[in-house]
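The following paragraphs lead the reader through a protein model, from its sheet to the helices and then to points of unusual backbone geometry. Please keep the sequence and the structure in view while reading.

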Amino acid sequence: MRLNEEIKDYWEGEADVYSRGIKEELESSQRQAWKELILSYAPRKAKLKILDVGTGPGFFPIILSEEGHKVTGIDITENMIARAKENVKRQGQSAVLMTMDCQNLSFPDESFDMVICRNITWTLDDPKRAYQEWKRVLKTGGRLLIFDACWYRHLYDEKLQIRYEENEKRVREKYGRKIHAHADPQKGDELSRRLFMSDKIRPQWDLNYLIELRFSKVFSEPDIMDKICNEMEKEINRLTPAFMVGAEK
């Protein structure tokens, strides 16, 4: 089985776990926090055409469509898109949701004012190809926002691995859960060892590649935890702070 097919197969089984997660986010202060963060970097336009790459169960389409923006959400997994459609409808919002490989987009050039994604780039087998595609579908002056973290750097750093295991022990004792709440954590770890991004120093890698792609501007926030995470998430993910890296075409 090709790596991209293995990735798709794995995430098909994670849809219910992630759908429960975004329902909790939608009922918390994170709903507004994410909205404010994204729109603070958006092009100054009243009604944006936004592509949410790797939309999962539809969190970004919900919070951005309720602000009047036209959101298209794509995901390689049918189960994620099915959950996204249910969640968007339940929230009384409207968005275009479809199954599509974000590394091979079917949209014409310069289709969107903004391309955004959360926790998707680390899962890709060919992120360079993905970044090229995302630039292609951006309008001139459009913005790309990538939210992610170095989720599995500990697999390639012995000292970090020790700290990771110590933190996971604390998390288990305090919250009764592992750091990564996956339906199939063993398969997740096995797959993560083979992914392109797992051993990269980020967001520096992303910034370097976006410069190589000749975006007109690149920018980053190396740690956005205080802006979008609750106290439990900060504690659980203390060794892997969420970052934002962006670019303007």
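**The sheet and its surroundings**

In this predicted model, strand β2, which spans residues 70-75, has five of its six residues buried, so the strand is largely enclosed by the rest of the structure. Strand β2 belongs to an open sheet of seven strands, whose order is β3-β2-β1-β4-β5-β7-β6 and whose pairing is mixed. The edges of this sheet are formed by β3 (96-99) and β6 (217-221); each has a single partner strand, so one side of each is left without a neighbour in the sheet. From one strand to the next, the twist averages 15°.

Within this order, β1 can be followed to either side. Towards β2, the two strands run parallel and are joined by five bridges; one point of reference is Ile 50, whose bridge partner in β2 is Val 71. Towards β4, strand β1 (residues 49-53) again has a parallel partner, and four bridges join it to β4 (residues 112-118). Here Leu 51 has Val 115 in β4 as its bridge partner.

Helix α6, residues 127-137, packs on the sheet and touches β1, β4 and β5 (138-148). The direction of α6 makes about 140° with that of β5. Several residues of α6 are buried, among them Pro 127, Ala 130, Tyr 131 and Trp 134; Glu 133 and Lys 135 are buried as well. The elements that cover the buried residues of α6 include the strands β1, β4 and β5, together with helix α9 (204-212).

**A pair of helices**

Two packed helices are described by the angle between their axes and the distance between the axes. For helix α2 (residues 15-26) and helix α5 (residues 78-90), the angle is about 25° and the axes are 9 Å apart. Since angles under 35 degrees count as roughly parallel, α2 is roughly parallel to α5. The crossing of α2 past α5 is right-handed.

In this contact, α2 contributes Ala 15, Asp 16, Tyr 18, Ser 19, Ile 22 and Lys 23, while α5 contributes Asn 79, Met 80, Arg 83, Asn 87 and Arg 90. By character, the residues of the contact divide into four nonpolar, three polar and four charged.

Ala 15 of helix α2 merits a closer look. Is this residue, Ala 15, buried or exposed? Its relative accessibility is 1%, and because buried means under 20%, Ala 15 counts as buried. Leaving aside residues up to four places away in sequence, Ala 15 touches Pro 57, Asn 79, Met 80 and Arg 83. By contrast, the C-alpha atoms of Ala 15 and Gln 204 are separated by 30 Å, with these positions 189 residues apart along the chain.

**Unusual backbone geometry**

Most residues other than glycine have a negative phi, and most peptide bonds are trans. Against this background, three places may be noted.

The peptide bond that joins Arg 202 and Pro 203 is cis, with omega at about 15°. Pro 203 lies in the loop between α8 (185-192) and α9.

Glu 110, in the loop between β3 and β4, is not a glycine, yet has a positive phi of about 55°. With a relative accessible area of 39%, Glu 110 is partly exposed. Arg 214, in the loop between α9 and β6, likewise has a positive phi, of about 65°, although it is not a glycine. Its relative accessible area is 72%, so Arg 214 is exposed.

How values were computed
Residues are numbered from 1 along each chain as its sequence is written. This is a predicted model: local features need pLDDT of at least 70, side-chain atom pairs count only at pLDDT 80 or more; totals for chains, interfaces and linings use all residues. Side-chain values use heavy atoms; hydrogens and water are left out. Two strands pair if DSSP finds at least two bridges between them. Axes are lines fitted to C-alpha atoms, for helices over the stretch in contact, and angles run from 0 to 180 degrees between N-to-C directions. Contact means heavy atoms within 4.5 Å. Angles under 35 degrees count as roughly parallel, over 145 as roughly antiparallel, 65 to 115 as roughly perpendicular and the rest as oblique. A crossing is left-handed if the near helix is turned anticlockwise from the far one by less than a right angle, and right-handed if clockwise. Ala, Val, Leu, Ile, Met, Phe, Trp, Tyr, Cys and Pro count as nonpolar, Asp, Glu, Lys and Arg as charged, and the others, Gly among them, as polar. Buried means under 20% relative accessible area, exposed over 50%, partly exposed in between (1.4 Å probe, protein chains only).
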